[in-house]
Amino acid sequence: MNESLQTIFINACLVNNFVLAYFLGICPFLGVSGKMETATKMGGAVTFVMLISSMCAYGIHALLVAINAPFLQLISYIVVIASTVQLVEMFIKKISPSLFRALGIFLPLITTNCAILGLALFQTNKGYGFGESIVYALGAGLGFTLALILIAGLREKLDFAEVPKVVKGTVLTLVIAGILSLAFMGFSGLNIE
Amino acid sequence: MDDKSMITHSSGANTQSTNEFIKGLWKDNPVFVQVLGMCPVLAVSNTAENALAMGLATTFVLVMSNLLVASLRNFIPKEVRIASYILIIASFVTITDYGIQAISVELHKSLGAFISLIVVNCLILSRAEAFASKNTPYKSLLDALGMGAGFVFALFCLGAVREIVGNGTLFEISLFPGGFQKWIVMILPAGGFFTLALWLLLFNVAKERKRS
């Protein structure tokens with residue numbers, strides 16, 4: 001492996017931002033980005049689930065290679081992600097009921113967040129080791145949170161702007177996302193060693 | 001989800017079946033009206049060919065899983081239904097993934113991980129949960145075909161616009177022989193956001209017109 005850990009992190013977080021360059025996790029990105037507070041919490045929860053499912057995906061991949069059954073990859077990944085989300089849900093409910101209430105329906109919806117399954121598939125395709133997988137998951141999660149917070153901030157401001165009725169809502173959010181995506185392209189000029 | 005109102009409103013059995021099909025195309029178009037399944041829509045719509053392939057693959061999974069879910073709807077326990085749906089969907093996606101790889105390695109490469117990501121396309125799960133779990137296999141089949149057709153239509157709209165403006169071609173046939181300044185930005189991720197915003201805007205304007 002000739003990529004250093006920092007390169008993996010910055011790549012996943014900024015240069016190939018999961019939301020703005022790979023279009024992964026667009027649904028929560030459009031749905032939860034209305035308010036700063038929910039956006040931050042959602043980002044945290046997603047990062048956490050990413051970390052755990054990335055570690056599990058690493059183990060599963062090794063196991064599936066050992067028993068020579070690569071066609072089970074997708075099914076086992078999705079099962080692991082679904083159960084991780086379930087576990088996290090129970091855990092948060094036990095530890096902090098207030099946080100549980102604040103996240104509400106968004107917690108179970110993390111299961112169908114394509115960013116998480118995408119992360120598991122990408123890390124397998126790239127052949128990352130255990131340490132690299134964790135760094136990759138951390139970078140992707142933070143990148144997702146960053147994009148979510150940026151959009152939420154912009155949308156909070158835009159609530160006060162006067163825009164035509166037909167543009168309000170998803171259309172406006174998509175245009176902002178497009179501009180942000182252009183801005184993030186600037187990071188591809190980064191020269192990281 | 002307008003399914004319940006759709007079913008109660010339509011009278012005869014015949015009009016109802018056509019309704020199940022038509023609604024997905026226009027009135028409840030999964031992409032432009034319900035805004036579901038955005039990730040693949042934006043990611044693989046950079047050329048018309050990719051968009052069509054992705055749309056057809058998704059339709060296949062949608063039809064098969066809707067059929068199976070509807071046939072098994074009386075056997076799946078309520079508590080584990082979502083998990084069972086996801087397993088059913090994941091199996092069909094695996095079939096599709098290997099199928100596409102067998103048909104065209106090149107296409108498989110250009111679609112990349114997004115074929116596998118059909119599993120988490122909210123459109124498929126939402127049809128299984130909102131429609132197939134409560135209706136007969138025949139009706140679910142029609143519903144899936146309609147929604148699939150709507151999805152393909154939407155993907156093609158995006159892919160065609162992006163390829164024409166961004167590359168000056170449609171299905172790799174050059175449209176502007178006399179030299180054309182390509183809008184590179186439309187092929188890039190940002191172009192996906194802009195094109196989708198444009199189509200949604202058109203749909204919103206059409207809806208407003210109808211209302212007034």
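Start at the seam between the two chains and look for polar contacts: between chain A and chain B there is 1 residue pair in polar contact, with both residues at pLDDT 80 or more. Keep in mind as you go that this is a predicted model.

**Stop 1: the A side of the seam**

Now select the parts of chain A that touch chain B. The elements giving two or more residues to that side are α2 (26-31), α4 (73-95), α7 (114-126) and α9 (170-185) of chain A. Colour α9(A) separately, since the largest share, 10 residues, comes from there. Then colour by residue class: this side of chain A divides into 28 nonpolar, 7 polar and 1 charged. Hunting for salt bridges across the interface of chain A and chain B? The rule finds 0.

**Stop 2: the whole contact**

Show both partners together. The contact takes 36 residues from chain A and 34 residues from chain B. About 3000 Å² is buried between the chains, and 85% of that is on carbon and sulfur atoms. Put F23(A), V166(A) and L174(A) in sticks next: these three supply 22% of the area that chain A buries against chain B, more than any other three residues.

**Stop 3: the largest pocket**

Switch on a surface and go to the largest pocket, with a volume of about 990 Å³. To centre your view, pick P108(A), L109(A), T111(A), T112(A) and L125(B), the closest to the pocket's centre of the 35 residues that line it. Both chains take part: α2, α4 and α6 (106-109) of chain A, together with α5 (81-103) and α7 (122-132) of chain B, each give two or more residues to the lining. Which element gives the largest share of this lining? Select α4(A), and you have 7 residues of it. By class, the lining of the largest pocket divides into 25 nonpolar, 8 polar and 2 charged.

**Stop 4: the second largest pocket**

Move on to the second largest pocket, at about 330 Å³. Select Q73(A), N125(A), D97(B), H108(B) and S116(B): of the 15 residues lining this pocket, these are the closest to its centre. The elements with two or more residues in the lining are α4 and α7 of chain A, plus α5 and α6 (105-111) of chain B. Here α5(B) brings the largest share, 4 residues. Colour by class again, and the lining of the second largest pocket shows 6 nonpolar, 7 polar and 2 charged residues.

**Stop 5: the cavities**

Clip into the model for the last stop. How many cavities of 30 Å³ or more are there? The count comes to 2.

The largest cavity holds about 40 Å³ of space. From chain A, select L24(A) and C114(A); from chain B, add C39(B), P40(B), F114(B), L117(B), I118(B) and N121(B), and you have its lining. The classes there are 7 nonpolar, 1 polar and no charged residues.

The second largest cavity has about 30 Å³ of space. Leave C114(A), C39(B), P40(B), L117(B) and N121(B) selected, as they are among the residues lining the second largest cavity. Its lining also includes C27(A), G37(B), M38(B), V120(B) and C122(B). Highlight helix α3 (residues 38-43) of chain B, which gives the most to this lining, with 3 residues. By class, the lining of the second largest cavity divides into 8 nonpolar, 2 polar and no charged.

Notes:
Residues numbered from 1 in each chain as written. Chains lettered and ligands numbered in written order. Predicted model: local features only at pLDDT ≥ 70, side-chain atom pairs only at ≥ 80, totals over all residues. Heavy atoms only, no water. Contact = heavy atoms within 4.5 Å. Buried area = accessible area lost by both parts, 1.4 Å probe. Salt bridge = Lys/Arg side-chain N within 4 Å of Asp/Glu carboxyl O. Polar contact = N/O pair within 3.5 Å; in protein donor to acceptor, adjacent residues only side chain to side chain. Nonpolar A, V, L, I, M, F, W, Y, C, P; charged D, E, K, R; others polar. 1 Å grid on protein atoms, 1.4 Å probe; cavity = no way out; pocket = protein on both sides within 12 Å on 5 of 7 lines; lining within 4 Å. Points joined across faces, edges and corners; volume = space filled by probe spheres on them.
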